[in-house]
Structure formats: structure tokens, C-alpha cells
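Visitor: I would like to learn how to read a model feature by feature. Where should we begin?

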Amino acid sequence: MAICALMVGVHIVNLSTNGMLYQYGIYPRQPDSLWGILAAPFLHGNLGHLLNNLVGLIIFSGLLFVHSLKRYLWSSIFIIAFTGVLVWLFARSALHIGASGWIFGLWSLCIATAWYDRKFINILIALLVVFLYGGMLFGVLPNDPRISFESHLFGAIAGVVCAFFQAKLYKNKM
């Protein structure tokens, strides 16, 4: 809930400053926007954008808390950073903001974890996510120039890579 409160607070500050915080979004290949790799997930274009992302963040975060808070936080930091770097390097020249890359990363992490770590709980979560949210797959395709499909695509890739590394890490600890 603290992350959600932070996002709402950032949105209020951004609204009250006429969008001054948008300068901290990701502008691909612009050295001044490297900070955007970590800041962009907390910036949103409007209230609808923020609310949509909060719903997805709450759902997929809740599913991942099954493992542990530490693992969730590590996964989130990895997904945010990996996605942000890929967006900064390869996305089209536009402002990229919002938590959807993070959300797509958590979504794909829920699914990919079942592939790499075939415990019953992981398979159950993956089946639930695929059944209820499988349509998110279409979000990685370009369909609206105002939406950063690149963040969605790179977030989904980051989630799979994160699941791979976690499987290696937790397998070695056993």
C-alpha cells in the first residue's frame, strides 16, 4: 500500500506543478533522462492511467507476496531497472511514463516462475494469471501511439529474465 500511496502522492504533486515531474520520465537515448529509468514508473499521464496501473500493481504484487516481501522487492527493483534500461536504449523517441512496464514484468514473472520452479503454488498462480489476465499478451503489441508498448514488451521480457535468475538463485540455496 505504501507504493500505491507514493504513486498517488507523486501524481498530486505533478498535477499541482503543471506536470513539472514529467521531465523525470524516460526520453530514450537522452543522457539527461537516465534518472527516468527509476522515476518513470511513479509518473502517470492522468488519473485513469494511474488508477489502471494501481489495480494491476495491487493484483500482481499480491500474487507475488506468496513467496516473500524480500523476493517481491528484489523482483520489482530488477524489473523496473531492466525494463527502464531497455526502454531507454531501444524505445521510440517519446516520453515514456507509468508503471505498466513494471506491471507487465510482474505479470510475466507470475507465469514464468511456474516454468522455472514447478511448485504447486507457482503453477496455480500461473494458471490463474493466464486464465484471468492472458489478454494482457496483446498489450505488448503496438496499437496506440500514446501508449508505450515498448514498456509493456520490455517489462514482460524483464519478468521472464527475473524468473530465470530467481530459479537459479533459489535452486543454489537449497
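Visitor: In which helix does Ser100 lie?

Guide: Before that, note that this is a predicted model. Ser100 is part of helix α5.

Visitor: Is Ser100 buried or exposed?

Guide: The general idea is a cut-off: a residue is called buried under 20% relative accessible area and exposed over 50%. Ser100 has a relative accessibility of 10%, so Ser100 counts as buried.

Visitor: Which residues is Ser100 in contact with, leaving aside its neighbours within four places in sequence?

Guide: With those neighbours left aside, Ser100 is in contact with Asn53 and His152.

Visitor: Now a whole helix. What span should helix α1 have, at 1.5 Å a residue?

Guide: The general idea is to multiply 1.5 Å by one less than the number of residues. Helix α1 runs over residues 2-16 and has 15 residues, so the expected span is 21 Å. The C-alpha atoms at its ends are 21 Å apart, in agreement with that value.

Visitor: Which residues of α1 are buried?

Guide: They are Cys4, Met7, Val10, His11 and Asn14. Viewed down the axis of α1, these buried residues fall within an arc of 125°, so they line one face of the helix.

Visitor: What do the buried residues of α1 pack against?

Guide: They pack against α3 (47-64) and α5 (100-116).

Visitor: Which exposed residues does the face of α1 turned away from its buried side carry?

Guide: That face carries Ala2, Ile12 and Ser16. As for what comes after the helix, α1 is followed by Asn18, which has a positive phi, near 55°.

Visitor: Let me try the same reading on α6. How many residues does helix α6 have, and how far does it reach from its first C-alpha to its last?

Guide: Helix α6 (residues 120-133) has 14 residues and reaches 19 Å, close to the 20 Å expected at 1.5 Å a residue. The buried residues of α6 are Asn122, Ile125, Ala126 and Val129. They cover an arc of only 100° around the axis, which puts them on the same side of α6.

Visitor: What covers the buried residues of α6?

Guide: The cover includes α3 and α5. On the other side of α6, the exposed residues are Phe120, Leu127 and Phe131.

Visitor: Next, charged pairs. How many salt bridges does the structure hold?

Guide: Side chains of opposite charge can pair when their charged atoms come close. The structure holds three salt bridges. One of them joins the side chains of Glu150 and Arg92, at 2.8 Å from N to O. Glu150 lies in helix α7 and Arg92 in the loop between α4 (69-90) and α5, so this pair ties together parts that are 58 residues apart in sequence.

Visitor: How accessible are Glu150 and Arg92?

Guide: Glu150 is buried, at 6% relative accessible area, and Arg92 counts as partly exposed, at 29%.

Visitor: Which side chain meets that of Arg146 in a salt bridge?

Guide: The side chain of Asp144 does, at 2.8 Å from N to O. Asp144 is buried, with a relative accessible area of 19%, while Arg146 is exposed, with 75%.

Visitor: And which side chain meets that of Lys119?

Guide: Lys119 pairs with Asp117, at 3.8 Å from N to O. Lys119 is partly exposed, with a relative accessible area of 43%.

Visitor: Let us turn to the surface. Which residues make the nonpolar surface patch?

Guide: The patch is made by Trp74, Trp115, Tyr116, Val160, Phe164 and Phe165, and has an area of about 600 Å². Helices α5 and α7 (149-172) each supply at least two of its residues. The largest share, three residues, comes from α7. Trp115 lies in helix α5 and is exposed, with a relative accessible area of 58%.

Visitor: Gln166 is found in helix α7. Is Gln166 buried or exposed?

Guide: Gln166 is buried, with a relative accessible area of 2%. Leaving aside its neighbours within four places in sequence, Gln166 is in contact with Arg71, Trp74, Ser75, Leu109 and Lys171.

Visitor: How far apart are Gln166 and Asp117, in sequence and in space?

Guide: Gln166 and Asp117 are 49 residues apart in sequence and 8.9 Å apart in space, taken C-alpha to C-alpha.

Notes
Residues are numbered from 1 along each chain as its sequence is written. This is a predicted model: local features need pLDDT of at least 70, side-chain atom pairs count only at pLDDT 80 or more; totals for chains, interfaces and linings use all residues. Side-chain values use heavy atoms; hydrogens and water are left out. Helices (H or I, at least four residues) and strands (E, at least two) are DSSP runs, numbered from the N terminus. Buried means under 20% relative accessible area, exposed over 50%, partly exposed in between (1.4 Å probe, protein chains only). The arc is that of the directions from the helix axis to the C-beta atoms. Contact means heavy atoms within 4.5 Å. Patches are made of residues with over 30% relative accessible area and no salt bridge: like charges are joined within 9 Å, nonpolar side chains (Val, Leu, Ile, Met, Phe, Trp, Tyr) within 5 Å. Accessible areas come from the Shrake-Rupley method with a 1.4 Å probe; for residues, only the protein chains shown count as cover. A salt bridge is a side-chain nitrogen of Lys or Arg within 4 Å of a carboxyl oxygen of Asp or Glu.
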